[in-house]
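Trainee: Please take me through this structure by asking what each term means and what justifies its use.

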Amino acid sequence: MARMKFLCDAERCIECNGCVTACKQENDVPWGVNRRRVVTINDGVPGERSISVACMHCSDAPCMAVCPVDCFYRSEEGVVLHDKDLCIGCGYCFYACPFGAPQFPQAGAFGVRGKMDKCTFCAGGPEKDNSEAEFKKYGRNRLAEGKLPACAEMCSTKALLGGDGDTIAEIYRQRATTRGKGSEVWGWSTAYGRPEAPKSPAAPAAAPGGKS
Amino acid sequence: MISKLMRIVAVASGAMAALMLAGCGERPQVIDYKQGKYQGKPDEPPYAAAPFNGNKDMWERDIRNRTQNQNEYRRIGS
Amino acid sequence: MLLTRKSDSAPTTGPRLKRQAGGRISTMDRRTFLKRSGLAAGAGAFASQLPYGAIGPATAAAESDAKSVQKKRTVCTHCSVGCAVDATVENGVWTRQEPVFESPLNLGAHCAKGASIREHGIVEHSHRLKTPMKLVNGKWQRLSWDQAMNEVSAKMLEIRKDSGPDAIFWVGSSKHNNEQAYLMRKFVSFWGTNNCDHQARICHSTTVAGVANTWGYGAMTNSYNDMQNTKCAMYIGSNAAEAHPVSMLHMLHAKETGAKMIVVDPRFTRTAAKADEYVRIRSGTDIPFLFGMLYHIFKNGWEDQQYINDRVYGMDKVKADVMAKWTPDKVEEVCGVPEAQVYKIAEMMAKNKPSTVVWCMGQTQHTIGNAIVRASCILQLALGNIGVSGGGANIFRGHDNVQGATDVGPNPDSLPGYYGLATGSWKYWAGVWGVDYEWIKKQYAEGMMEKSGMTVSRWIDGVMLPNDTIDQGPNLRAMVYWGHAPNSQTRGTQMAEAMKKLDLMVVIDPYPSATAAMCAMVRKDGVYLLPAATQLETSGSVTASNRSLQWREKVIEPLFESKPDHTLMVAFADKFGFKKELIKNYEIVKDKDGWDEPTPESILKEINKGTFTIGYSGQSPERLKLHMKNMSTFDVKTLRARGGPCDGDYYGLPWPCYGTPELKHPGSPNLYQTSRHVMDGGGCFRANFGVERDGVSLLAGDGSYPKGSDLTFGYPEFDHVLLKKLGWWDELTEDEKKKAEGKNWKTDLSGGIIRVTMKNHGCHPFGNAKARAVVWNFPDGIPQHREPLYSPRPDMVAKYPTHDDKKAFWRLPTQFKTVQDKNVADKVSTNFPLVLTSGRLVEFEGGGDETRSNPWLAELQQENFIEINPKDANDRGVIDGEYVWVKSPTGAQISVKAMVTDRVGPGTTFIPFHFAGWWQGKDMLEFYPEGAAPIVRGEAVNTATTYGYDSVTMMQETKTTLCQVARKA
């Protein structure tokens, strides 16, 4: 069964913001709402890495767990969506999400687009697929057209992968084995220790996860 | 006399019964909250409408194939 | 507490729904029902995570009513990579864009600009210039097209009558498609002046001159795709991650499969973040670095001696110069790179071949730009990397069609195809255009027809300098900015003065551009804005940096009242009385207003007819359109079609695609590649500089020739004489003989000489020669380092001074030594100790008004900023995020936000050049026409930049000047 996933290959991401504007363009996202952003660490120094972040469509989504009005649901393919008609804009999902995916339009509490807005994996929302209503509220439903999220399909260096999890894993595995490195950005240091960390356990370790 | 008493008892027991019955139909004070049950509008799966028309396998195949567009190794090789 | 749904969707209590509140409800007794009925739950609560239920009968996903839905294939207009875009157009409205995965160039990838290009079709809240406008008493007023055309042309004719045709400067555009750029050159010629130019001047003009004079053609030798074959790539003066993002797809793939990547730059750019080795270099000191590398290469014998013997002239002289002058200590003294690092880079490039060099503005925008690029060429020649797949001089061009505009467009020193301006060239093109040479000659002022015009980088001096110092009759009195921004040229404060002095300023652009705002700020009238259509609103061909041509389909009709540039050229020609001559060979259609529009196809056919020099002759519209339809048949590594309707062609028929379309030359993906047959895209170096020099032959050595050639030694270019000598003349048809008699391969309109030479004998029509490591037509025969005019190191100025002043250079007196000496005497580097360099951001393009009007892009970079090193910031008390004044030696000062970062080293600062719309601290919003100001405005860095021009091409020295930074009080 297809399980939708995003994976951003930090060895390839060049912070071109193609994913950001692809999402804006495809879903007509208003100014101030950032469904997808590129996060850069160590900007301007050796070790600079960028990664594109939007909703991760978690299997056990914190947003879904905390929503007081239960406006979230997960599709069979693992896409986390929500019903804006139910949303009360309380922001609790924003509080819970570790990725900052929930967005709130800046124009007033209940902006032009409704209340909480977030990445939908280009799967629209609980309106008729590809209808005017769905586009207005949630943006494009590319999955229903047999396509994949615009951000991943348009990534300039094919850093951002989005689609069936098995296929994506296969693609990334091929890259990682070909290049022989790169997987260390994904928590390698947490699991296996950093090569440049001090050998002696007594020495104070440099901030973990900060500079890589 | 007895009838009057009986009437009072009847009324009283009727009222009692009403009160007790009212107790039977009373709501629990604490709502039994069931977490994470979606309360919103229903949604269709992505393969519901044309061109898939409910054919889930066809949709999954298409999606897997389309995912490979993000893999330049498919066209370049190594 | 659960809320009741208030939607009016189909009732969910219908029998088709699963209600699973706590379990399947199979039976219910009255008691249970009573208990439950009290719950104020939304009836039909869904317990499961699968809220699937039929809402209604499934309907077609796409719009069901019968609209006209079309798919148009076009190419992004924002850089030279050439990413294809599939546009969905419904009833004439551009509704969606899809990536074109089949494209062999970009494989569906886009950067921020390409991914949001659909914005160009949006009409609501558009910041486009919508109607013709005129500045009247300081305010912008609407005009009708007729009024505008009448007034502008009348004024121009008046100026022409008083002062001659050279009084008007026509700046064309690198964002015109090939047909428009070519037509512009023709148009300006018929007007009677060579005062035309375009963005290449301030971009890669030094590249074109330097590289062409080294080995033949001044273009990218390989391609973005070919970089997948490299083993080591050195980016020197290129920030590809921001300027050519999709090119990084090919580079990162190469890196993954084992290639090494080196970045040499004063800043630790996003490209540097991906490099295996980063070298921080002082701005403007590329030659010491490159020759420092060469020093180690020669010292260790890493050069390719066989290659040098066969294919390079003068390397021994270069070696002598390098070994004497660029020892490691001197290298480090000038450019700041220690010996160990220079050695390491040299070793990497030498031992991981084929290796390639990539450069952009970092190398070109200097007073010695022509020398710097030649130093890179010499390095590659020494390593034997030119003409090799995976090697090459990979020059990334900027705008989407700067390559095409350079090739066939409005250059002040040449006619289309680099034919030059000599009498022979004029007669040749007059023949192609079907007009009388004498008539063209009469259009020109006496003696001006064969003289190179002024350049866009110096137009302000053409206006302001005393008339007796300029090398043409009149000063410039009118300026036409036709698809070009003003804030990409240096000396902004002086430009404002020049704008005041003009009699007439005309802006022809989809956006008002900063020109409109600057003019309205300094004058009250005499300015016209004419709305041009974008490249999405017309069809035509565009040449990517790798020389591939792609055909754009028209996506939408011109928006608002805009008109395509070629329609406007014809309309002006009509007013000037040479419409008939201009459109002679074209097919004309009428636009919606009844104006005459030549079809781009018919213009391309005329380009094909005449442009033999660089092989723009084989790319017929039919062949190009076939390529656009069959993209998936092209191999991504070799760019060659395997099977399919385009079998054997290289994608986009990268020029040179020699001969007539009937010859079916496949195009040349990698230039000068002797391992291929010439009909297979192979080649050799061009014989353009004579047969011998100082007793040494300039022709290729014996045994060096394109594969399968009948001649296995060097030879000069082919003409009718050589053909007859070799006994091949009779292989021409009778018709070809008639046309080829007395001609050479460039002027033979039949293409027969080319056909016989290439197809029958496998020889190259432009000869088989050596590349020149030493040239004799440039100020420095061997590249010499010279300090920038505004150098931070007076001690280096003393050792490496700049050129002498020139009296009449592109018609203007040009200073070098005077400026540099004065700067040293005035201690400019003490008062302005920080190097100011400028460059690109991924979100914007060029002058920036177009991309800053796209909300999806504008949101990402909302303020102009200066990158300043923490040490320099702390010395001045500058805090990250606060606004500062950046002061220039010219007296100008600009207000930008401070970004304190280690990206720049101490002593260097960086400001992006895409901003405009603020003037020395003041927002210029009021000076733009209503509703047509860009969303994001900021200071233009060029308001604060300085004098300095390349000694061959008049390229501006934007990459190295000086500034001081101060907190705002």
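Trainee: Where do Glu347(C) and Lys351(C) lie, and why is their meeting called a salt bridge?

Mentor: In this predicted model, both residues belong to helix H12 (residues 339-351) of chain C, four residues apart, or about one turn of the helix; a helix here is a DSSP run of H or I of at least four residues, a strand a run of E of at least two, each numbered from the N terminus. A salt bridge requires a side-chain nitrogen of Lys or Arg within 4 Å of a carboxyl oxygen of Asp or Glu. The N to O distance of this pair is 3.0 Å, so the rule is met. Residues are numbered from 1 along each chain as written, and chains are lettered from A and ligands numbered from 1 in the order of writing. Local features need pLDDT of at least 70, side-chain atom pairs count only at pLDDT 80 or more, and totals for chains, interfaces and linings use all residues, while side-chain values rest on heavy atoms, without hydrogens and water.

Trainee: How do you know whether Glu347(C) is buried, partly exposed or exposed?

Mentor: Buried means under 20% relative accessible area, exposed over 50%, and partly exposed in between, with a 1.4 Å probe and protein chains only. Glu347(C) has 25%, and therefore counts as partly exposed.

Trainee: What makes Asp596(C) a partner in two salt bridges?

Mentor: Its closest N and O atoms with Lys579(C) are 2.7 Å apart, and with Lys590(C) the N to O distance is 2.6 Å. Asp596(C) is in strand S20 (residues 596-598) and Lys579(C) in helix H22 (residues 579-582) of chain C, so this pair ties together parts 17 residues apart in sequence. Asp596(C), at 16%, is buried, whereas Lys590(C), at 58%, is exposed.

Trainee: Which salt bridge does Glu48(A) form, and why is this residue called buried?

Mentor: Glu48(A) pairs with Arg903(C), with the closest N and O atoms 3.4 Å apart. Its relative accessibility is 3%, so it counts as buried. Glu48(A) sits in the loop between strand S2 (37-41) and strand S3 (49-53) of chain A. Beyond its neighbours within four places in sequence, its contacts include Phe268(C), Arg270(C) and Ala273(C), contact meaning heavy atoms within 4.5 Å.

Trainee: How do you know how much area is buried between chain A and chain C?

Mentor: Buried area is the accessible area (1.4 Å probe) that two parts lose on being put together, summed over both. For this pair it is about 4300 Å², of which carbon and sulfur atoms give 54%. Gln25(A), Trp31(A) and Met154(A) supply 16% of what chain A buries against chain C, more than any other three residues. In contact are 52 residues of chain A and 50 of chain C, and the count of salt bridges between the two chains is ten.

Trainee: What makes residues 1-65 of chain C a part to read with caution?

Mentor: pLDDT is the predictor's confidence in each residue, from 0 to 100. Over residues 1-65 of chain C it stays under 50. Where pLDDT is low, the predicted coordinates should not be read in detail. Chain C nevertheless averages a pLDDT of 93, and 93% of its residues score at least 70. For the complex, the predictor gives an ipTM of 0.90 and a pTM of 0.90.
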